[in-house]
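Biologist: Hey, have you got a few minutes to walk me through this one? I'm new to reading structures, so plain words please.

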Amino acid sequence: MKITGIKAWQVDLPLKEGRYTWASGHFVEIFDSTVVAVETDAGITGYAECCPLGSAYLPAFAAGVRAGLAELVPQMLGLDPTDLGVLNAYMDRVLRGHPYIKAPLDIACWDILGKVSGLPVWKLLGGKAQERVALYRAISQRASAEMAANIEGYRAEGYRKFQLKVGGDADADIARIRATRSVLQDGEVLVADANTGWTRAEAARVVLAVRDLDVVIEQPCPTYDECLSVRRRTPLPFVLDEVIDSVATLQRALADDAMDIVNLKISKVGGLTKARLMRDLCIASGTPMTIEDTWGGDIVTATIAHLAQSTPAEFTFSATDFNSYGTVSIADGAPIRENGTMRASDEPGLGVTPRWDVLGEPCLNVGR
């Protein structure tokens, strides 16, 4: 089988809540997502999606996905999409870095492999390790009382894990953490995610001020070394996210005992092939994960569901249903949240079909 053509579509994903705000005042109101189709000479097409969280979150931005695809995809024509190791090694040779650009191409080829073999991607990733995947809900940064009130609404939708967006003024963040923790019920989990927004001094203040609470601290500072310093100052459970962007950084963090939980974002590390490797390293080391991505719609959510469902429940700290945050559906067959959980499709591949009436005409069309 050979790749004969690759197409891409740009699609806007407005938010139901109007605005998503995280550390340092950053916000997004409409997510700019890219849908990719990899076509083959066997008449089988694989689909994927990549949606960076704006341009101030990671070294990635929406227009960069499409610019990178225009650079990379002409060199991929003629490759066998089912040779995933060969394909990833080739992409790394012809385009240095930029894993988020390679991610949708890798994922679309996993979709093809599933369709060729007649198996869902979760089966190819190791099998159905859990029937349903527990989800968290991100609580956009607002005043402490409003954030606490939002938890009540999300609880009614079945969520039991809440990721509080902090990373602003330290005093305001301490108030946010205390206000939201006070409304949680038995068995519910609160994660205070600073998204790199604190200085080391601010992070030290916050973890000291909330040390009496049952709360998880996530990615307090911009650099690995700063986060490691904060980790050593607190007994609270600790998550690393933005700084864990490769197998090498994961190996270093595991060796340093730098975190209790890893946030594994699929496009951040280059797609399912590398995410699976990192997932398996975490399992081997006894480290749970939040399995998710930077953002996205139906196809990103399906990809998350397949990786999460093939991961043992005890190592799946949480996952994300991004398609429930937006107002636009871009594919049929995607997971639908039920009582705070989701499950991947049992259909071959990812089990999703793009909605062409929503996507319109491609912005990139290489090959046939």
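Modeller: Here is a short chat about the sheet, a helix, the empty spaces and a few residues. This is a predicted model, so local features need pLDDT of at least 70 and side-chain atom pairs count only at pLDDT 80 or more, while totals for chains, interfaces and linings use all residues. Residues are numbered from 1 along each chain as its sequence is written, and side-chain values use heavy atoms, with hydrogens and water left out.

Biologist: Cool. What order do the strands take in the open sheet of eight?

Modeller: The order is E7-E8-E9-E10-E11-E12-E13-E14, with parallel pairing. Strands (E, at least two residues) and helices (H or I, at least four) are DSSP runs, numbered from the N terminus. Two strands pair if DSSP finds at least two bridges between them.

Biologist: And which strands stand at the edges?

Modeller: Strand E7 (136-139) and strand E14 (316-319) do, each with a single partner strand, so one side of each has no neighbour in the sheet. On average, neighbouring strands of this sheet are turned by 25° against each other, direction ignored. For that, axes are lines fitted to C-alpha atoms, for helices over the stretch in contact, and angles run from 0 to 180 degrees between N-to-C directions.

Biologist: How many bridges join E9 and E10?

Modeller: Three bridges, in the parallel sense, between E9 (residues 189-193) and E10 (residues 216-218). Asp193 stands opposite Glu218 in E10.

Biologist: Is Ser318 buried or exposed?

Modeller: Ser318, found in strand E14, counts as buried at 2% relative accessibility. Buried means under 20% relative accessible area, exposed over 50%, and partly exposed in between (1.4 Å probe, protein chains only). Leaving out residues up to four places away in sequence, Ser318 touches Ala134, Tyr136, Lys161, Met289, Thr290 and Ile291. Contact here means heavy atoms within 4.5 Å.

Biologist: Switching topic: why is helix H8 largely enclosed by the rest of the structure?

Modeller: Because six of the eight residues of H8 (residues 224-231) are buried. Those are Tyr224, Cys227, Leu228, Ser229, Val230 and Arg231. They pack against helix H7 (200-209), strand E11 (238-240) and helix H9 (247-256).

Biologist: What about empty spaces? What's the volume of the largest pocket?

Modeller: About 230 Å³. Its lining has 15 residues, with Leu58, Pro59, Ala60, Pro99 and Lys268 nearest the centre. Helix H3 (99-117) and helix H10 (266-269) are the elements that give two or more residues to that lining.

Biologist: How do you spot a pocket or a cavity?

Modeller: On a 1 Å grid over the protein atoms alone, a cavity is a set of points where a 1.4 Å probe fits but cannot get out, and a pocket is an open set with protein on both sides within 12 Å along at least five of seven lines; lining residues have an atom within 4 Å of a point. Grid points are joined across faces, edges and corners, and a volume is the space filled by probe spheres set on the points.

Biologist: So how many cavities of 30 Å³ or more are there?

Modeller: Four. The largest cavity holds about 100 Å³ of space, and Tyr20, Tyr136, Lys165, Lys265 and Glu292 lie nearest its centre among 19 lining residues.

Biologist: Last one: what's the phi of Asn195?

Modeller: Near 45°, a positive value in a residue other than glycine. Most residues other than glycine have a negative phi. Asn195 lies in the loop between E9 and H7, and Thr196 in that loop has a positive phi of about 75°.
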